[in-house]
Amino acid sequence: MKSDLPDLFPGFETRFVEANGISLFCRIGGSGPPLLLLHGYPQSHVIWHEIASILSAHFTLVMPDLPGYGMSSIPPVSGNHEAYSKRSMASVMREMMRVLGYRTFFAAGHDRGGRVGYRLALDHPDTIPRLAVLDILPTSDYWDRMNRVFGLKVYHWMFLAQPFPFPEKMIAAAPVRYLDHTLASWTAEKNLDCFAEGALEHTRAWFCEPDRISASCEDYRAGATIDYEHDIADRNAGNIIRAKMLALWGDKGIATSVDDPLAVWQAWCPHVEGHSLAAGHFLPEEAPKATGETLLDFFSS
């Protein structure tokens, strides 16, 4: 990883936190109640750099790189992908926050981070009083709707979940080209204009590392197997998300593959509230002011 990357969080603490055998790279700053911010694929904690100033005046922000992403350590690969399950990642995040001194905390997650967030709320309901998820639907709902429309819109779910080493070799042949295409293709404008150059530098630096490419593929392999099984077990048991919950999605984002994203979430959390914002998939970067202010209102109310 390059050592001369720009500092996108001036005044924030940089720290590695050990949790469940994983070393998590974190940026920590602000004051007030703790708010855990979780990024998605193919990014890192830097997605929050534009809205951190909005939220840090009211909350103590904890922004880690997910296991295997950014500068966090890379969990071992296994046949059942358990270390990359959202249940495992949720447990790691809960322990990280405990190490930092927080037994309860708010959480917001974009993309894969949103999946870790709702798994936290299901598995550890006493830990998360409020949860926000950004431009996702539950994992099992995506897989159960994987028809022609979904297959074209979220083709990467099937590609990245292919057995090792097929997707790794394809991506590693031109990692920056793949990364830039993926980022641009999920924005409303189909370009990279919404991403700060410094944020792109951070992402391109870690995404070129073969072990991290493999880790992100394992994340999706877990999504196609063990994460799906965990979701279905919860649905069959009648488990619901009891935390106060907000779902946001871009009006040109991935979650709009269904006509009513909020109705999908209501099956998991009957009291969920939510709406769309003018953006594609990357709400924190495409609509930082609207996203930041909406999250501030939700977590402050």
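The following dialogue examines the sheet, helix packing and ring contacts of a predicted model.

Mentor: In this predicted model, local features need pLDDT of at least 70, side-chain atom pairs count only at pLDDT 80 or more, and totals for chains, interfaces and linings use all residues. Residues are numbered from 1 along each chain as its sequence is written, and side-chain values use heavy atoms, with hydrogens and water left out.

Trainee: What makes Arg112 count as a charge over the ring of Trp157?

Mentor: The definition requires NZ of Lys or CZ of Arg within 6 Å of the ring centre and within 35 degrees of the ring normal. Arg112 lies over the face of Trp157 at 5.4 Å from the ring centre, so the distance satisfies the limit of 6 Å. Likewise, the charged end of Arg130 sits over the ring of Phe298, 5.7 Å from its centre.

Trainee: How do you know that strand 6 and strand 7 pair?

Mentor: Strands, which are DSSP runs of E with at least two residues, numbered from the N terminus, pair if DSSP finds at least two bridges between them. Five bridges join strand 6 (residues 130–134) to strand 7 (residues 244–250), so the requirement is met. These two strands run parallel, and Val133 has Ala247 of strand 7 as its bridge partner.

Trainee: In what order do the strands of the open sheet stand, and why is one side of strand 1 and of strand 8 left without a neighbour?

Mentor: The eight strands follow the order 1-2-4-3-5-6-7-8, with mixed pairing. Strand 1 (13–19) and strand 8 (273–277) stand at the edges, each with a single partner strand, so one side of each has no neighbour in the sheet.

Key: Helix = DSSP H or I, 4+ residues; strand = E, 2+ residues; numbered from the N terminus.
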